[in-house]
Amino acid sequence: MFILTIILRSERVGLLNVTCLSVSTLCFMLPWQFAQFALLTQMMSIFSLYLLRYISSYKIKAIAIGLLIATAMQSVLMFGNRMVVASYFVASCFAVLVIASLEIQFWQVQVRFVFEAVLMLIFTLLVKMFLSWILQVTDDSHIFHLLLSKFTNLQTFDTMLYTCAAEFDFLPFETIVAVTKTLVLPMAIMSVFIVLFQVFRNGKINGDQSGSESQLDCDVFPVVVCASLIYHVVQLAAFSIMALLVMRLKLFWTPHLCLISSLIGSPIVAKCLGSCTRHQVLLSIIVAVMSVQGVKNIYEDHSVLGEFSGIHEEQLVGWISENTNETAVFAGSMPTMATVKLCTSRPIVNHPHYEDAGLRARTKKVYSLFSRKSEEEIWRNLMDLRVDYVINEQDWCSGKSRDGCGLAEIWDLEDMENALRTSACQRIHTNPEPFFQRAYKNHMFDVLRVVKTPNIT
């Protein structure tokens, strides 16, 4: 985002700008596959600047090319990951290139702003469908279902695994109260209004027909600065919507909120107040009021003392390392499998990379352990995955974050015929035979050996 701001502030975009954008975007995308959705909002925010003619077709094409180069490099470094290539983000980049390249064809369109916006939406959807069809990608279908579940009664196994987790719920009201007490939210809102007021008051968009940037007659800041400010305002709006829908995504919203609130100290505000002295007095008052809650928050954070202790998990990892073959295959809850793989290097059949369609299918088979299905059906699912040991966790078996969010209750959505039975993990915990044998047990974990040839009588 910093590199993008520099590009938006620059009169011309060179090879160095595009290279820096590609490298920084690649570093953002590699650790987190969901980065494509944040980048989609970034591309749409930039496109809104193009619609308003705050940036030229040449500049937005250079940005789109830089982002596509980063995506191509990410796909190669992630061993040919097709989900990112067939994402809405990549589709939007291609749509931008097409629309910006055909800019001269739209000169005579009366409602050019609306026409290009609709065209962008249509092109993005068409390119997305084409890429998904060519590459046979269905990995991100659950994301659409997750968003749909926020506004409808749609409930599937995948969406419930997400929405039952607190971090994927709506943004809690307490978070809004917290950023309001520190004046971060009020200052950000004030900064947004000041930027928009100054832009629409002093800005005169005299866009010509040559594809160059609009000449903004602004006595406070030049057009390139206006473009970067408006971009950050639009990006904040996108991050706000994301955070409201998915609490976990406040990791984008909160820092950007602080960034926008800092504009209260910019020359724009001094221009509105008509005096640098008044501006300095205002800043002093704001910082003083912010410090009241800010200092209190710092003391509260420093008062939290303690250390992490996972003795049961440590015992589990120790037992696996000392008592199982290095080729033994394990299955269980996604977080525990990540620990098993990291600490013991044992093969696992599922892990928290839930965006992959194949992995979701394997995880669903493993999680049949927490359903109400028969022991034999669960055994067959694990045998299909060639599992040697399955880990039955008490917290996952009987725990739930709220009503309707126990794994057995989630399974009831798809397995109504067994809805009245006791959960399989409880039955297996009581009597694992003949399909399983207890290999290890502590207060939290129950390691079961999958019997290859059960003696069924």
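## Rings, cores and confidence: worked exercises

Let's begin with a ring: Y162 has a relative accessible area of 7%, so Y162 is buried. The model you are looking at is predicted, and the exercises below walk through it step by step.

**Exercise 1. Find out whether F168 is buried or exposed, and describe how Y162 and F168 pair.**

*Step 1.* Start with the cut-off: a residue is buried when its relative accessible area is under 20%.
*Step 2.* F168 has 9% relative accessibility, so F168 counts as buried.
*Step 3.* Now turn to the geometry. A pair of aromatic rings is described by the distance of the centres and the angle of the planes.
*Step 4.* The rings of Y162 and F168 are 4.8 Å apart, centre to centre, with 70 degrees between the planes.
*Step 5.* Angles over 60 degrees count as edge-to-face, and that is the label for Y162 and F168.

**Exercise 2. Classify the pair of W379 and F435, and say where in the chain each residue sits.**

*Step 1.* The ring centres of W379 and F435 are 5.6 Å apart, and their planes make an angle of 45 degrees.
*Step 2.* With that angle the pair is tilted.
*Step 3.* Next, locate the partners: W379 belongs to helix 19 (residues 375-384), while F435 is in the loop between helix 22 (424-430) and strand 3 (436-441).
*Step 4.* They are 56 residues apart, and the pair links distant parts of the chain.
*Step 5.* Both W379 and F435 are buried.

**Exercise 3. Look for rings that form a cluster, and for charges that sit over rings.**

*Step 1.* F28, W32, F239 and F252 are linked into a cluster by ring pairs.
*Step 2.* For a first charge, go to Y50: the charged end of R53 sits over its ring, 4.4 Å from the centre.
*Step 3.* For another, go to Y88: K128 lies over the face of this ring, at 5.1 Å from the ring centre.

**Exercise 4. Which residues touch the most other members of the largest nonpolar core?**

*Step 1.* A general idea helps here: in soluble globular proteins, nonpolar side chains tend to be buried together.
*Step 2.* The largest nonpolar core has 109 residues, and I60, W253 and F436 touch the most other members.
*Step 3.* Helix 12 (residues 223-245) gives the largest share of this core, eleven residues.
*Step 4.* Zoom in on I60: beyond four places in sequence, its contacts include M43, F47, Y50 and V96.
*Step 5.* Apart from this core lies another, of twelve residues, including W319, V340, Y389 and F445.

**Exercise 5. Place V96 in the chain and list its contacts.**

*Step 1.* V96 is in helix 6 (residues 88-101).
*Step 2.* Its relative accessible area is 1%, so V96 is buried.
*Step 3.* Leaving aside neighbours within four places in sequence, V96 is in contact with M43, F47, I60, A64 and M120.

**Exercise 6. How far can you trust the model's parts, judged by pLDDT?**

*Step 1.* The mean pLDDT of the protein chain is 86, and 93% of its residues reach 70 or more.
*Step 2.* Compare the elements: helix 14 (residues 267-273) has the lowest mean pLDDT (74), and strand 1 (residues 330-331) has the highest (96).
*Step 3.* Over residues 204-212 the pLDDT is below 50, and this stretch has 16 contacts in the model beyond near neighbours in sequence.
*Step 4.* Residues 214-222 also stay under 50, with 31 contacts beyond four places in sequence.

Conventions:
Residues are numbered from 1 along each chain as its sequence is written. This is a predicted model: local features need pLDDT of at least 70, side-chain atom pairs count only at pLDDT 80 or more; totals for chains, interfaces and linings use all residues. Side-chain values use heavy atoms; hydrogens and water are left out. Rings of Phe, Tyr and Trp (its six-membered ring) pair if their centres lie within 6.5 Å; planes under 30 degrees apart count as stacked, over 60 as edge-to-face and the rest as tilted. Buried means under 20% relative accessible area, exposed over 50%, partly exposed in between (1.4 Å probe, protein chains only). Helices (H or I, at least four residues) and strands (E, at least two) are DSSP runs, numbered from the N terminus. A charge sits over a ring if NZ of Lys or CZ of Arg is within 6 Å of the ring centre and within 35 degrees of the ring normal. A nonpolar core is a set of buried Ala, Val, Leu, Ile, Met, Phe, Trp, Tyr and Cys residues joined through side-chain atoms within 4.5 Å. Contact means heavy atoms within 4.5 Å. pLDDT is the predictor's confidence in each residue, from 0 to 100.
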